[in-house]
Amino acid sequence: MLTAATLTGCTLLELARDCEGTAHRVREVAALDILDSRPDGAAAARGFEEVNAGCWADSGEVVVYADRTYAFPGTRAEVTAHYRTAVVRDGWIPGREALPGELCFTREGMALWIAFLTAERLEEDGHGSRPDLTTGAGYSVGVESYVGSGAEASC
């Protein structure tokens, strides 16, 4: 028996169809240099060595994304200082509406965010206890871009 799962009113088949043809854009976003930029001493976290990239669709909106997760033994202030310099050099513009604990920037219809990891956030995302990511300043850096709808990614 085939059971169709739903997510906010869309079947999985509809989600797959909405993301058809986005593979090239996913590869472009995943190849952005900013995803590999990190402060000295930061390393890709165990289990997150590769860029995580893909597409999701919801209510007609199609978004491609790419993100990396880093373990960093230093402080959030050091991570923030690194990205405030690196993103401006790369043409990103600071966003005005970032969530607490996050940095957000925009460029060419894309949104770039840096989110610091907490034990609670890791648990919510199904990653369990990760002292390597909650000691010091573990963080994720990611990019999102809407596809085909004319919508602009923003903070």
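Tutor: Quick ground rule first: buried means under 20% relative accessible area, exposed over 50%, and partly exposed in between (1.4 Å probe, protein chains only). This is a predicted model, where local features need pLDDT of at least 70, side-chain atom pairs count only at pLDDT 80 or more, and totals for chains, interfaces and linings use all residues. Residues are numbered from 1 along each chain as its sequence is written, and side-chain values use heavy atoms, leaving out hydrogens and water.

Student: OK, what is the order of helices and strands along the chain?

Tutor: Helices (H or I, at least four residues) and strands (E, at least two) are DSSP runs, numbered from the N terminus. You get five helices and nine strands here. Walk along the sequence and the pattern reads β-β-α-α-β-β-β-α-β-β-β-α-α-β.

Student: Which residue in the loop between β7 and β8 is exposed?

Tutor: That loop sits between β7 (102-107) and β8 (110-116). Its residue has a phi near 45°, positive although the residue isn't glycine. With a relative accessible area of 67%, it is exposed, and the name you want is E108.

Student: And is E124 buried or exposed?

Tutor: E124 belongs to helix α4, which covers residues 119-124. Its relative accessibility is 69%, so E124 is exposed.

Student: How much of the chain counts as buried, then?

Tutor: Zoom out to the whole chain, which has 155 residues. The buried share is 37%.

Student: What share of the contacts with a separation of 6 or more joins residues 24 or more positions apart?

Tutor: Contact means heavy atoms within 4.5 Å. Take the chain's contacts with a separation of 6 or more, and the share from residues 24 or more positions apart is 67%.
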